[in-house]
Amino acid sequence: VFNNYIYIWIINLQKIICMKWGSRYGPDFVNRLHSSIKRHTKRQTKLYCFTDDDYGINKDVICNPLPKINLPEMISLTPWRKLSVWQYPLNKLKGDILFLDLDLVITGNLDRFFDFKPGKYCVIENWTQLGENIGNTSCFKFPVGKYNFVFKKFQKSPEKIWKKFHIEQIYLSNEIKEQYFWPSDWCKSFKHNLLPFWPLRIWKPAILPKETSIVAFTGKPDPDDVIKGKWPVKKSQFYKKIYKQLKTPEWVIENWS
């Protein structure tokens, strides 16, 4: 009976993975993601973190070494590294896996992401390329092993593929014909969907849609920048301070913890 219970628990376990490498994101980003996942799931869910440094990460997060991948030096610290999760085997993981970037804020239920198109590659439709069939891999789901050809193909000629596609999510959308986009209300971009146009953004905060579960903070600002009410600008581009302004929304403060 006990063995049957363990088997059922493993089968029903929802698995979410993230990746942390380099120095841009500290362990606090992983820990916030973990606590937010717990708040926004009703089913048994585990977070797995692939990382080159697990110091400071919550003990309830299952940490594993970064999956090996052959990358040209120039892109070794870029999102191209995310292609490594498409290999098989992947640290004994099985079934559908939900991948979440570290620089996003979870604002609603995540269980429905596992119910949507089981066994298929599901991804955000990239907000800046609508209608071009390009995914945004801030949040995507895939069955481990089913599409491992994208990893194998990349490993045969990584530099050639990188120079052809420039961005890994464009490569994935080109290779995986069986691609499904999440309902558009589920995942939003802070900058491209929610931030009011200038000059309204100076005094009006971004409004969170009721059906949104994930808000992605691609590039800058990061969620912690938004909480500080700052949009970082390079010294050489000081003129951008004119329009790179924002007011901190309460929903970011409430969910970024």
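**Figure 1. Crossing of helices α4 and α6 in the predicted model.** Helix α4 comprises residues 149–156, and its axis comes within 11 Å of the axis of α6. The two axes cross at roughly 120°, which makes α4 oblique to α6. The crossing of this helix pair is right-handed. In general, two packed helices are described by the angle between their axes and the distance between the axes. Helix α6 spans residues 168–175 and also contributes at least two residues to the lining of the largest pocket, which is the topic of Figure 4.

**Figure 2. The seven-stranded sheet.** Seven strands form an open sheet in the order β3-β2-β1-β4-β7-β6-β8, and their pairing is mixed. Strands β3 and β8 (179–181) occupy the edges; each has a single partner strand, so one side of each is left without a neighbour in the sheet. With direction ignored, neighbouring strands of this sheet are turned by 30° against each other on average. Within the sheet, strand β6 (residues 121–125) pairs with β7 in the antiparallel sense, and four bridges connect them. One residue of this pairing is E125, whose bridge partner in β7 is G135.

**Figure 3. The three-stranded sheet.** A further open sheet consists of three strands in the order β5-β10-β9, again with mixed pairing. The edges are held by β5 (104–106) and β9 (187–189), each of which has a single partner strand, so one side of each is left without a neighbour in the sheet. From one strand to the next, the twist averages 20°. Strand β10 (residues 214–216) runs antiparallel to β5, and three bridges join the two. Among the paired residues, I106 has I214 of β10 as its bridge partner. In general, strands of a sheet pair through backbone hydrogen bonds, either parallel or antiparallel.

**Figure 4. The largest pocket and its lining.** The largest pocket holds about 650 Å³ of space. Its lining comprises 25 residues, of which Y25, P79, K82, D101 and D103 are the closest to the centre of the pocket. Strands β1 (14–20) and β7 (135–143), together with helix α6, each supply at least two lining residues. The greatest contribution comes from β7, with three residues. By class, the lining of the largest pocket divides into nine nonpolar, ten polar and six charged residues. Strand β7 is thus shown in two settings, as the antiparallel partner of β6 and as a contributor to the pocket lining.

**Figure 5. The enclosed cavity.** The model contains one cavity of 30 Å³ or more. The volume of the largest cavity is about 40 Å³. The residues that line the largest cavity are R32, L33, S36, L104, V105, I106, N255 and W256. Helix α2 (27–39) and strand β5 each supply at least two residues of this lining. Five of the lining residues are nonpolar, two are polar and one is charged. I106 links this view to Figure 3, since I106 lines the cavity and has I214 as its bridge partner in β10. In general, rolling a probe the size of a water molecule over the atoms shows where empty space is left.

**Figure 6. Backbone geometry in the loop between β3 and β4.** The loop lies between β3 (62–65) and β4 (96–100) and contains P89. The peptide bond from Y88 to P89 is cis, with omega near 0°. N91 is found in the loop between β3 and β4 as well. Phi of N91 is near 50°, a positive value in a residue other than glycine. In general, most residues other than glycine have a negative phi, and most peptide bonds are trans.

**Figure 7. The cis peptide bond between W198 and P199.** W198 and P199 are joined by a cis peptide bond, for which omega is about 10°. P199 is located in the loop between α7 (190–194) and β10. Strand β10, at one end of this loop, is joined to β5 by three bridges in the sheet of Figure 3.

Definitions and conventions
Residues numbered from 1 in each chain as written. Predicted model: local features only at pLDDT ≥ 70, side-chain atom pairs only at ≥ 80, totals over all residues. Heavy atoms only, no water. Pairing = 2+ DSSP bridges. Axes fitted to C-alpha atoms, helices over the stretch in contact; angles between N-to-C directions. 1 Å grid on protein atoms, 1.4 Å probe; cavity = no way out; pocket = protein on both sides within 12 Å on 5 of 7 lines; lining within 4 Å. Points joined across faces, edges and corners; volume = space filled by probe spheres on them. Nonpolar A, V, L, I, M, F, W, Y, C, P; charged D, E, K, R; others polar. Parallel < 35°, antiparallel > 145°, perpendicular 65-115°, else oblique. Left-handed = near helix turned anticlockwise from the far one by under 90°.
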